[in-house]
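Please consider the structure shown below, which is to be read from its interior outwards. The paragraphs that follow treat its packing, its division into domains and its empty spaces in turn.

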Amino acid sequence: MTWPQMLSHLQEIDLELERIAARQKEITIEIQDNTELENTRKILKQRQEEATQARQAQETLEFENERTGSKLKQADTKLYSGQVHNAREVADLHAKVNSLKHRREQLEEQLLDAMIEREAVDEQVQEAQQQFTTAEEAWQERQTTLQEEQEQLKTRSRTLTEERTALTPQLPPHITNSYEYLRKRMEGGIVVAHLKNQVCSVCGLETRLAIQQKVRNQEETYCDGCGCLLIK
Ligand SMILES: [Zn+2]
C-alpha cells in the first residue's frame, strides 16, 4: 500500500471513530433520560392519591349514615315504646325523628355521589396504571437495545483503534505529523482530500499544475482552497 492509500484509510478509521464517539454520547444521554416514564409514574401517583381521598370520603359518609341510622332507630323505638307520655317530649321526639330522617336522606344522596366519584377515580387509576406499565416496558426494552448498541460500538471502536495503532507507524512520520496537526486544528472531520480530474474532492477547487504534479509524485501538498492534504 502506498502512503496516500494508507493515509486515506487512516482517515476513514478516524472518521468512523468520530461517528462512534458521537453516537456513544447520544446513547449515554438517552439512557439517562427517563422523563416520559417519570411523567406516567407521577400521574399514577396522583390518581392513587385521588382514589384514597375518594375512598376516605365514602367511608366517612358511610360511618355518618350508619350513626344517623342507629340514632333514628333509637328515637323511633323510644317514640313507639309507649313509655313516653309527656306531650312536649313526644313532640320533641317526633321532631328529632323527622330531622334524622331528613339527615339520612341527605347522607344517602351524598353517599351515592361519593360512590360514583370513587368508581370514576378507580377507573382513572387503572388507566394510569396501564399507561405506566406500558411506558415501563417500552423504557426497559429501549434500555436493552441501547446497551446492546453500546456494546457493539465499544467492540467496533476497539477493533478500529487496534487497526489504527498498526497502521500509523507504516506512514512516513512527517505525513502522520501533518495529518495529526490538521485534525487537531480542524477539530476532527475531513482533512485529507482526493484529487479527481484536477479538482479537490472537498472544496471543488481546480488545482494548479504544480500541485497536480506533486500529488502524482506522492509528495506532501495541500489544497489552496480548503487546506486539505491532497492525495490521488
Ligand atoms: Zn480543497
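In this predicted model, a convenient point of entry is V192, which touches L7, Q11, Y179, V202, C228, L229 and I231 when residues up to four places away in sequence are not counted. A second, separate core of eight residues has A193, C223, C228 and L230 among its members. C228 thus appears both in that second core and among the residues touched by V192.

V192 itself is one of the residues with the most contacts inside the largest nonpolar core, a set of 21 residues; W3, L7, L10, L171, Y179 and L229 are also named in that group. At least two residues of this core are supplied by each of α1 (3–32), α3, α4 (173–186) and β3 (229–231). The largest share is that of α1, with nine residues.

How is the protein chain divided into domains? Domain 1 spans 34–169, and domain 2 spans 173–231. The C-alpha centres of these two domains lie 70 Å apart. Because domain 1 and domain 2 both give residues to the largest nonpolar core, this core lies between them.

The empty spaces may be considered next, beginning with the enclosed one. Searching the whole structure yields one cavity of 30 Å³ or more, and the space in the largest cavity amounts to about 30 Å³. Its lining is formed by W3, P4, V215, Q218, E219, L230, I231 and K232. The elements α1 and β3 are those that give two or more residues to this lining. Sorted by class, the cavity lining holds five nonpolar residues, one polar residue and two charged residues. Two of these lining residues, W3 and L230, recall the cores: W3 is listed among the residues with the most contacts in the largest nonpolar core, whereas L230 is included in the second.

The largest pocket, in turn, contains about 230 Å³ of space. Which residues line the largest pocket? They are E30, D33, N34, T35, E36 and L37, together with A135, A138, W139, R142, Q143 and L146. Two or more lining residues come from each of α2 (35–79) and α3 (87–167). The largest share, six residues, is that of α3. By class, this lining comprises five nonpolar, three polar and four charged residues. The helix α3 therefore has a part in two settings, since α3 gives residues to the pocket lining and also supplies at least two residues of the largest nonpolar core that lies between the domains.

Terms used. Residues numbered from 1 in each chain as written. Predicted model: local features only at pLDDT ≥ 70, side-chain atom pairs only at ≥ 80, totals over all residues. Heavy atoms only, no water. 1 Å grid on protein atoms, 1.4 Å probe; cavity = no way out; pocket = protein on both sides within 12 Å on 5 of 7 lines; lining within 4 Å. Points joined across faces, edges and corners; volume = space filled by probe spheres on them. Helix = DSSP H or I, 4+ residues; strand = E, 2+ residues; numbered from the N terminus. Nonpolar A, V, L, I, M, F, W, Y, C, P; charged D, E, K, R; others polar. Core = buried A, V, L, I, M, F, W, Y, C linked by side-chain atoms within 4.5 Å. Buried < 20%, exposed > 50% of the residue type's maximum accessible area, 1.4 Å probe, protein only. Domains from an automatic or database assignment. Contact = heavy atoms within 4.5 Å.
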